[in-house]
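Q: I would like a close look at one part of this model, with the cut-offs behind each term spelled out. Please begin with the ligand and its surroundings, and then move on to the charged pairs and the loops.

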Amino acid sequence: MARAMNFNAGPAALPEEALDRAQRELLDIEGTGLSILEHSHRGKTYDAIHTQALALVRELLAVPDSHDVMFVQGGASGQFAVVPMNLLPAGKSADYVVTGSWAKKAAKEAKNVGKVRIACSTEKDKKFARVPAQSELDLDPGAAYVHIASNNTIAGTQFDEFPDTGSVPLVADMSSDIMWRPIDVSKFGLIYAGAQKNIGPSGIVLVIADKALIENGRTDIPEIFQYRTHAAAGSLYHTPPTFSIYLMRNILEIVKSSGGVAAMEKHNREKARVLYDAIEARPDFFTSPVEKPSRSLMNVVFNLPTPELEAEFVAEATKNGMVGLKGHRSVGGVRASIYNAAKLEWVQALAGFMAEFHKGS
Ligand SMILES: *Cc1c(COP(=O)(O)O)cnc(C)c1O
């Protein structure tokens, strides 16, 4: 069996050891005679895994006591609605920084709930080619919160430094930005991340939220959508996606034993360097649509001279065991997502393939 070099944007590559462990334990976990899929979410076996997964998030990201860690469902897209449902009361408005398709969708969904102000958009003049500087943000000091997508999975940009929003809570969609580098969680009112990019399989959203912020959130919405419900119940208000959380636990243990997020950052910076170098070495052939200071280290997007060459590149790469390189259907081009689980060897192989493909064209 040969495993492919997987550059998919999400669901994305998972560490092989985490999958191996799941396979080994699938029919009988810890001598219980049951698969984890068959255990009650109220039982001892699952409970230990659930608690461990929450604790690993807290430990790896150094989440302060001021913040709750939760697992919820409905995808990151669900959070586009749930955030304003909780945090945007009547009479207030929320500021949205629109730096890509997901950020735009988040703003659109929030408009279904309450009043939204666009504090900045890099769409019109720049086609999402960069993230804005602090000075470009038109922030309302009375806003309920400021929303950003810290890493724009489709555009291939990221905030290197997060905006300063003063006393207004900063809410960040970190779906493709979570757990690859250390962050100062205390700077955020709320962070959410669909697991399927960098920390697990689909089916779970990690939410890290300031306790006071969610405690003071709206109460005029269904309980199932209130953050306080899930925080108070330790993310066991209802049946969680137990297998997804089990797999996330396996993955986070690997992150920990590999040296934590600081080690992840080093590994990821090296991978991104190899790939951006491969692009820059052939400027007449490979081009990045992203302005350099805004480049994402997780999602490397680039173009070839024509869409035909791009299609050929992706097809040839696939024949060479490199999958998932087709750019998002809304923008085309090529995209290599290189989250934690993507190996340096894969990126080196891709860089080598880029050189060969260029020579042969
Ligand atoms: C993938 C992605 C989403 C959508 O995630 P779903 O879990 O499919 O809803 C939202 N935001 C960002 C930044 C993403 O990368």
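Which helix gives the largest share of the shell around the ligand, and how many residues come from it?

A: This is a predicted model, in which local features need pLDDT of at least 70 and side-chain atom pairs count only at pLDDT 80 or more, while totals for chains, interfaces and linings use all residues. Residues are numbered from 1 along each chain as its sequence is written, and side-chain values use heavy atoms, with hydrogens and water left out.

The largest share of the shell comes from helix α3 (residues 75-87), which supplies four residues; helices (H or I, at least four residues) and strands (E, at least two) are DSSP runs numbered from the N terminus. The residues surrounding the ligand, each with a heavy atom within 4 Å of it, are Gly 75, Ala 76, Ser 77, Phe 80, Trp 102, Asn 151, Thr 153, Asp 173, Ser 175, Gln 196 and Lys 197.

Some of these residues also place polar side-chain atoms beside the ligand, and here a polar contact is a pair of N or O atoms within 3.5 Å (within protein, one must be able to donate a hydrogen and the other to accept it, and residues adjacent in sequence count only if both atoms are side-chain atoms). Asp 173 has such an atom 2.6 Å from a nitrogen atom of the ligand, whereas Gln 196 comes to 2.9 Å from a ligand oxygen atom and Lys 197 to 2.6 Å from an oxygen atom of the ligand. Taken alone the ligand exposes 380 Å², of which the protein buries 86%, with areas from the Shrake-Rupley method and a 1.4 Å probe (for residues, only the protein chains shown count as cover).

Turning to charged pairs, side chains of opposite charge can pair when their charged atoms come close. With a salt bridge taken as a side-chain nitrogen of Lys or Arg within 4 Å of a carboxyl oxygen of Asp or Glu, the count comes to 20 salt bridges. One of them joins the side chains of Asp 95 and Arg 117 at 2.6 Å, N to O. Asp 95 lies in strand β3 (residues 93-98) and Arg 117 in strand β4 (residues 115-121), so this pair ties together parts that are 22 residues apart in sequence. Asp 95 is buried at 0% relative accessible area, while Arg 117 is partly exposed at 24%; buried means under 20%, exposed over 50%, and partly exposed in between (1.4 Å probe, protein chains only).

Another salt bridge links Arg 130 and Glu 136 at 2.7 Å, N to O, with Arg 130 buried at 14% and Glu 136 partly exposed at 33%. Lys 292 pairs with Glu 280, their closest N and O atoms being 3.3 Å apart. Because Lys 292 lies in the loop between α8 (260-280) and β11 (299-302), and Glu 280 in helix α8, the pair ties together parts twelve residues apart in sequence. Lys 292 counts as exposed at 54% relative accessibility, and Glu 280 is partly exposed at 35%. Arg 3, Glu 16 and Lys 343 are joined into one network by salt bridges that share partners.

Two loop residues complete the picture. Arg 218, in the loop between α5 (211-215) and α6 (227-232), is buried at 19% relative accessible area, and its side chain makes a polar contact of 2.9 Å with the side chain of Asp 220. Pro 201 sits in the loop between β9 (190-194) and β10 (205-210) and counts as buried at 16%.
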